[in-house]
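Student: I've got a protein model open and would like to find my way around it. Can we go through it together?
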Amino acid sequence: MKKTFVLILVFLFTMGLFSGCSSGQPGQGGGSTRDYAELIRSLRSEEENQVYPIITSPEDSEYEITFATLGGTDENMERYAVSLGLMITQAYGVVIVLPKEGTRQEVVDQLNNYVELQKNAFENYLADQYQIAKAAIVKEMETGEVVLVMSRNAEAVMQGIEDGLAGGA
């Protein structure tokens with residue numbers, strides 16, 4: 001009798017652990033195993049890969065200017081790949097971030113603020129770049145990442161990232 005009772009308790013405890021692992025809400029997962037920088041590279045042309053560096057750590061040479069342009073730091077980011085157009089004539093950004101636990105909203109806000117800054121910068125300056133900034137997408141993925149796409153064909157690029165993250169989950 002005691003053995004059965006202990007086995008039932010162990011079973012219930014184990015089921016409780018597993019049920020708590022997935023909340024089913026976007027941004028709550030543990031992230032895709034996919035290499036974020038490689039995913040971005042695979043969705044861009046050779047020219048874009050040469051022009052727009054991808055930052056994945058503070059050791060990267062463009063880290064300081066990239067995060068200054070993004071409007072913050074990587075303190076809320078567990079893993080990331082950040083690629084921004086750093087010239088004032090280009091509205092471009094592809095960012096994949098796995099936020100640290102409890103910081104998802106801060107990351108979403110940081111990316112949305114960057115989009116707003118880009119829209120304001122181009123609104124009365126370059127109409128084509130304003131349209132790109134205006135069409136930017138910030139999305140929370142089922143795998144846990146927060147993604148920004150500000151580029152031509154933003155919807156297709158976002159779909160490629162979403163598919164790539166899901167395939168590497």
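Student: Let's start with Val82: which residues does Val82 touch, not counting residues up to four places away in sequence?
Tutor: Contact here means heavy atoms within 4.5 Å. Leaving out residues up to four places away in sequence, Val82 touches Pro53, Ile54, Ile55, Thr66, Phe67, Leu70, Val94 and Val95.

Student: Before we go on, how far should I trust this, and what is the average pLDDT of the protein chain?
Tutor: It's a predicted model, where local features need pLDDT of at least 70 and side-chain atom pairs count only at pLDDT 80 or more, while totals for chains, interfaces and linings use all residues. Residues are numbered from 1 along each chain as its sequence is written, and side-chain values use heavy atoms, with hydrogens and water left out. pLDDT is the predictor's confidence in each residue, from 0 to 100. At least 70 is reached by 81% of the residues, and the chain average is 85.

Student: Where does pLDDT stay under 50?
Tutor: Where pLDDT is low, the predicted coordinates should not be read in detail. The model has 11 contacts beyond four places in sequence for this stretch, which is residues 2-28.

Student: In what order do the 4 strands of the open sheet come?
Tutor: Strands (E, at least two residues) and helices (H or I, at least four) are DSSP runs, numbered from the N terminus, and two strands pair if DSSP finds at least two bridges between them. β1 (77-84) and β3 (137-140) stand at the edges with a single partner strand each, so one side of each has no neighbour in the sheet. The pairing is antiparallel, and the order is β1-β2-β4-β3.

Student: What is the bridge partner of Val82 in β2?
Tutor: β1 pairs with β2 (residues 93-99) in the antiparallel sense, over 7 bridges. In that pairing, Met77 has Pro99 as its bridge partner in β2. For Val82, the partner in β2 is Val95.

Student: How many residues of β2 are buried?
Tutor: Buried means under 20% relative accessible area, exposed over 50%, and partly exposed in between (1.4 Å probe, protein chains only). Gly93, Val95, Val97 and Pro99 point one way from β2, while Val94, Ile96 and Leu98 point the other way, and all are buried. So β2 is mostly covered, and the count is 7 of its 7 residues.

Student: Which element gives the most residues to the largest nonpolar core?
Tutor: A nonpolar core is a set of buried Ala, Val, Leu, Ile, Met, Phe, Trp, Tyr and Cys residues joined through side-chain atoms within 4.5 Å. The largest has 24 residues, and Phe67, Leu70, Tyr80, Val82, Leu148 and Met150 touch the most other members. Two or more residues come from each of α4 (63-70), β1, β2, α5, α6 (127-134) and β4. With 6 residues, the biggest giver is α5.

Student: Is Ser83 buried or exposed?
Tutor: Ser83 is found in strand β1. Its side chain joins that of Arg44 in a polar contact of 2.7 Å (a pair of N or O atoms within 3.5 Å; within protein, one must be able to donate a hydrogen and the other to accept it, and residues adjacent in sequence count only if both atoms are side-chain atoms). Because its relative accessibility is 0%, Ser83 counts as buried.

Student: And what is the relative accessible area of Asn76?
Tutor: Asn76 is found in the loop between α4 and β1. Leaving aside neighbours within four places in sequence, Asn76 is in contact with Pro99, Lys100, Thr103, Glu106 and Val107. Asn76 is buried, and the value is 19%.
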